[in-house]
Amino acid sequence: HMNLSVWEQYSVADRIDLLAKMGSQLRQAKMPLPRYLLLHPEAHLSDSERKLIQDWTKIERKRLMSQEMK
């Protein structure tokens, strides 16, 4: 499980991996988890919100990969 409140404590490699998994989960509409949405219907993501987060995961992964290469 991922904890965004301690995001900076994850290694760069772990963050890259987590971002890839997050993007995949968003593409497959598995995020947020259906059981979470039952308790928190306000957490439902619109298509535009989903795309925005997916785009961010790609950009952030590229940034971290370039940082890791330095």
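This is a guided tour of a predicted model, selection by selection.

Because the model is predicted, local features are described where pLDDT is at least 70 and side-chain atom pairs count at pLDDT 80 or more, while totals for chains, interfaces and linings use all residues. Residues are numbered from 1 along each chain as its sequence is written, and side-chain values use heavy atoms, with hydrogens and water left out.

**The whole chain**

Begin with the full protein shown as a cartoon, where there are three helices and zero strands, helices being DSSP runs of H or I with at least four residues and strands runs of E with at least two, numbered from the N terminus. The order from the N terminus is α-α-α, and the C-alpha trace spans about 45 × 25 × 15 Å along its principal axes. Of the 70 residues, 24% count as buried, a word used for under 20% relative accessible area, with exposed meaning over 50% and partly exposed in between (1.4 Å probe, protein chains only). Among contacts (heavy atoms within 4.5 Å) with a separation of 6 or more, 52% join residues 24 or more positions apart.

**Helix 1 against helix 3**

Next, select residues 12-27, which are helix 1, together with residues 47-69, which are helix 3; their axes come within 9 Å and cross at roughly 160°. That angle makes helix 1 roughly antiparallel to helix 3, since angles over 145 degrees count as roughly antiparallel, under 35 as roughly parallel, 65 to 115 as roughly perpendicular and the rest as oblique. Axes here are lines fitted to C-alpha atoms over the stretch in contact, and angles run from 0 to 180 degrees between N-to-C directions.

With side chains displayed, the residues of helix 1 that meet helix 3 include Val12, Ile16, Leu19, Gly23 and Leu26, and those on the helix 3 side include Ile53, Trp56, Thr57, Arg61 and Leu64. By class, the contact of helix 1 with helix 3 has eleven nonpolar, four polar and six charged residues.

**Along helix 3**

Keep helix 3 selected and compare its ends: at 1.5 Å a residue its 23 residues should span 33 Å, and its end C-alpha atoms are 33 Å apart, which agrees; the expected span is 1.5 Å times one less than the number of residues. Colour Arg50, Gln54, Thr57, Glu60 and Leu64, which are buried in helix 3; what covers the buried residues of this helix includes helix 1.

**Two buried residues and an exposed one**

Centre on Gln54 in helix 3, which is buried with a relative accessible area of 14% and touches Gly23, Leu26 and Arg27, not counting residues up to four places away in sequence.

Move then to Ile16 in helix 1, buried with a relative accessible area of 14%. Ile16 touches Arg61, Leu64, Met65 and Glu68, with residues up to four places away in sequence again left out, and its C-alpha atom is 7.3 Å from that of Met65, although the two are 49 residues apart in sequence.

Ser48, in helix 3, is exposed, with a relative accessible area of 54%; its C-alpha atom is separated by 19 Å from that of Pro34, 14 residues apart along the chain.

**The loop between helix 1 and helix 2**

Finally, select the loop that precedes helix 2 (34-39) and holds Pro32, where a cis peptide bond joins Met31 and Pro32 with omega of about -10°. In the loop between helix 1 and helix 2 there is also Ala29, which has a positive phi of about 55° although it is not a glycine. Most residues other than glycine have a negative phi, and most peptide bonds are trans.

Technical notes
Ala, Val, Leu, Ile, Met, Phe, Trp, Tyr, Cys and Pro count as nonpolar, Asp, Glu, Lys and Arg as charged, and the others, Gly among them, as polar.
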